[in-house]
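Work through the exercises below with the sequence and the model open. Try each task before reading its solution.

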2 protein chains.
Amino acid sequence: MATELAAQSSSESRVSNSMEFVKRQVATLFELPAGLVLESGATIGPIQVAYETYGTLSARKDNVIYICHALTGDAHVSGRYTASDRKPGWWDGFVGPGKAIDTNKYFVICSNVLGGCQGTTGPGSLDPETGVPYGPDFPFITIRDIVCVHNALLDYLGIERTLAVIGGSLGGMQILEWAVSRPERVGSAVLLASGAKLKAQGIAFNAVGRRAIYADPLFRGGRYYREEEKPKFGLALARMIAHITYLSEQSIELKFGRKLQNGDQFEYNLRSETEFQVESYLHYQGRKFVDRFDANSYLTLTRAMDYFDLAERHGSLAEAFAKTQARFLVVAYNSDWLFPTSQSLEIVRALVEARRHVTFYELQSPYGHDAFLVDSELPKLERLVAPFLARRFQDGIFEGTSSAVK
Amino acid sequence: MATELAAQSSSESRVSNSMEFVKRQVATLFELPAGLVLESGATIGPIQVAYETYGTLSARKDNVIYICHALTGDAHVSGRYTASDRKPGWWDGFVGPGKAIDTNKYFVICSNVLGGCQGTTGPGSLDPETGVPYGPDFPFITIRDIVCVHNALLDYLGIERTLAVIGGSLGGMQILEWAVSRPERVGSAVLLASGAKLKAQGIAFNAVGRRAIYADPLFRGGRYYREEEKPKFGLALARMIAHITYLSEQSIELKFGRKLQNGDQFEYNLRSETEFQVESYLHYQGRKFVDRFDANSYLTLTRAMDYFDLAERHGSLAEAFAKTQARFLVVAYNSDWLFPTSQSLEIVRALVEARRHVTFYELQSPYGHDAFLVDSELPKLERLVAPFLARRFQDGIFEGTSSAVK
């Protein structure tokens with residue numbers, strides 16, 4: 001492909017990276033008129049993709065790990081942009097020099113998903129046809145569309161095949177889709193706290209979150225970008241609802257229980273919305289979220305999550321997995337009730353049925369669905385992921401798939 | 001007490017009841033200036049109490065069963081008001097002639113709770129001081145306050161002691177409070193799918209429901225009664241969120257799974273909020289709810305639920321239960337995740353520690369928290385409750401507590 005060749009010639013400059021500070025990069029892909037034909041049939045283009053890389057691409061290009069972020073994540077996985085950054089990337093405890101995903105050894109890529117709001121084209125981007133933000137006219141996005149853009153970024157970076165793709169939750173869905181739809185690109189797949197579909201309860205929670213946004217009068221049918229006030233109440237409430245599902249019953253109880261925010265006397269005041277600590281915490285989570293996330297992106301990405309159903313598309317999960325070449329590591333958390341262990345086991349059974357290599361582990365953690373993001377829980381995860389990646393790297397990803405490279 | 005004596009003289013007319021049709025009755029209690037001094041310190045009065053009775057009070061007044069309804073229930077437990085009523089009362093499958101709570105044998109009372117919106121004084125009632133609905137000026141209500149009104153209704157009806165008090169969920173909290181605070185009135189206590197407190201996750205779900213109401217601009221700080229439009233979006237959303245917690249993961253999955261509302265093709269339309277059947281169902285539940293419930297009552301009663309904590313008030317659950325005289329039947333449902341079995345067991349352990357009589361049973365049901373309201377699940381419950389009541393009735397409720405009556 002012409003694009004790929006062009007990309008390769010300049011890939012060195014794109015993939016070298018100072019480890020002192022990280023830098024957000026942007027690729028422009030799917031230029032019109034071709035654009036990207038989405039699963040819905042609509043065409044979109046061009047697509048800006050915000051991505052970051054960490055570590056150095058090996059000469060053989062056999063050390064690539066692509067991280068797929070979850071619903072509200074972004075490309076900023078690790079490190080800081082400047083010395084004054086208050087916080088590093090969202091998985092800084094797991095990805096970096098000498099860490100579980102060791103950037104002294106691996107070349108790590110993460111891109112903000114299509115439909116997102118952290119630099120990649122999404123509902124808040126300018127529609128080239130109209131010159132104003134897409135808003136509700138942003139086309140309908142699926143997990144397959146998101147993965148198409150990941151693939152295009154690999155092309156752009158001149159990378160043929162990954163050593164591993166890794167992700168949790170919605171990131172895990174991208175990984176499943178990727179391993180099935182473009183098996184030649186996925187050397188191995190690490191799936192955390194995820195599933196091959198959302199079940200009714202998960203769809204229900206997404207639905208009430210979206211309802212909160214739709215019902216906010218400041219949402220204005222999705223055309224709020226040029227307004228002074230954004231639908232922050234609706235978006236914050238959606239986040240508060242979702243946040244409950246990210247925590248285990250045990251962790252929320254241990255952390256907050258029935259503790260009051262101020263002292264130990266009840267206020268007997270119905271106007272107080274934050275009398276219990278758990279309420280104050282949820283309000284804080286909601287407020288924090290609206291500063292960094294866009295309501296239309298939330299609608300877009302939760303719906304993409306709802307639609308994903310690997311078995312339905314391929315006849316069965318085993319039929320889907322029969323198409324894969326990757327070795328799988330599937331990790332569930334015992335206290336995760338949004339994507340319970342049973343959903344990981346469903347994937348594992350189907351992989352076995354399809355005679356694929358799969359390692360499964362249920363980690364014990366009190367932290368529920370979010371455990372893969374909790375710093376104190378990362379050592380457990382590292383003990384599974386680091387050796388898995390090391391073995392895959394040692395075996396070589398071009399083994400048996402492309403003798404020309406060996 | 002003068003009130004009680006006065007009530008007794010006219011109790012016959014108040015407690016006779018045709019079994020063909022039921023009738024909502026209203027008692028006016030706590031007349032000013034005395035009124036009812038609430039737990040918050042505020043005074044309210046007069047209080048109208050809407051109640052219904054079924055069956056006939058025995059001459060010895062030893063066959064009284066008081067049902068405490070749950071969060072959004074009302075006094076209309078059984079039967080129909082007129083021949084053209086589309087639906088009977090909310091527990092018609094369980095309460096009536098020849099049913100589990102046999103109104104040929106027992107005299108059943110149920111009243112709408114204080115703070116409610118089905119005939120008993122609540123935020124939508126006229127504030128006698130201002131002549132307009134209380135709205136946000138309605139005083140803060142606790143479970144103890146609700147039970148005070150139940151006791152006053154018993155006084156009004158000339159009833160000294162109940163054979164049993166029965167209730168699920170928030171109704172169960174009333175029963176615990178009653179058995180502890182007025183032990184001489186509670187012959188036995190039947191607790192269904194309930195707990196001695198709400199844990200952090202339950203408080204969190206109530207908080208997001210209330211947030212949905214507060215964030216609705218039509219809520220207008222609670223002063224919406226004279227407006228044409230009520231805060232129906234907020235209240236409906238609160239109900240939708242809560243409804244998810246009333247269903248087990250298994251039941252919502254079995255009933256809806258990933259089934260689409262229309263056909264089997266995705267719409268790829270973000271404007272559709274009801275593409276999946278589970279979404280359509282939740283929207284229906286929300287719509288149906290706003291026709292019969294008041295937003296301020298929802299705020300009031302969920303906060304009463306949040307505040308309830310029997311152990312905190314009495315030092316420990318066992319110390320609380322040391323004050324009781326009732327025999328207890330505690331029933332949990334294995335798929336209830338709002339009030340899981342562990343919360344029932346906490347009560348059972350404390351009752352045992354306090355050397356009280358308690359029978360515990362965990363019923364197997366796929367229906368989650370709402371199982372005690374599901375018709376098809378009632379036979380299982382009947383096999384526990386009917387013999388328990390029969391035995392209590394046979395033993396006699398005045399045994400050992402008031403020799404004068406024997």
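## Exercise 1: Two domains

In chain A, 25 residues of domain 1 are in contact with 22 residues of domain 2; two residues are in contact if their C-beta atoms, placed from the backbone, lie within 7 Å. This is a predicted model, in which local features need pLDDT of at least 70 and side-chain atom pairs count only at pLDDT 80 or more, while totals for chains, interfaces and linings use all residues. Residues are numbered from 1 along each chain as its sequence is written, and chains are lettered from A and ligands numbered from 1 in the order in which they are written.

Task: find the bounds of the domains of chain A and describe the side of domain 1 that touches domain 2.

Solution.
1. Domain 1 of chain A covers 2-200 + 302-395, and domain 2 covers 203-299. These bounds come from an automatic or database domain assignment.
2. The centres of the two domains of chain A, taken over C-alpha atoms, are 27 Å apart.
3. On the side of domain 1 that touches domain 2, α9(A) gives the largest share, 4 residues. Helices (H or I, at least four residues) and strands (E, at least two) are DSSP runs, numbered from the N terminus.
4. That side of domain 1 of chain A has 12 nonpolar, 10 polar and 3 charged residues. Ala, Val, Leu, Ile, Met, Phe, Trp, Tyr, Cys and Pro count as nonpolar, Asp, Glu, Lys and Arg as charged, and the others, Gly among them, as polar.

## Exercise 2: The sheet

Task: write down the strand order of the open sheet of 8 strands in chain A, then state which strands stand at the edges.

Solution.
1. The order is β1-β4-β8-β5-β9-β10-β11-β12 (chain A), and the pairing is mixed. Two strands pair if DSSP finds at least two bridges between them.
2. β1 (25-29) and β12 (358-363) of chain A are the edge strands; each has a single partner strand, so one side of each is left without a neighbour in the sheet.
3. Inspect one pair: β5 (64-68) and β8 (107-111) of chain A run in the parallel sense over 4 bridges. In this pair A:Val64 stands opposite A:Phe107 in β8(A).
4. Now add the helices. α3 (143-156) of chain A lies across β1, β4 (47-54), β5 and β8, at about 105° to β1(A). α4 (170-181) of chain A lies across β5, β9 (164-168) and β10 (188-192), at about 145° to β9(A). Axes are lines fitted to C-alpha atoms, for helices over the stretch in contact, and angles run from 0 to 180 degrees between N-to-C directions.

## Exercise 3: Two chains

Task: how many residues of chain A are in contact with chain B, and which rotation superposes chain A on chain B?

Solution.
1. Each chain gives 44 residues to the contact.
2. α5(A) gives the most to the side of chain A that touches chain B, 11 residues.
3. By class, this side of chain A has 27 nonpolar, 5 polar and 12 charged residues.
4. A rotation of 180° with 0.0 Å of shift along its axis superposes chain A on chain B, with RMSD 0.0 Å. The fit is by least squares on the C-alpha atoms of residues with pLDDT of at least 70 in both copies. The two copies are therefore related as by a two-fold rotation axis.
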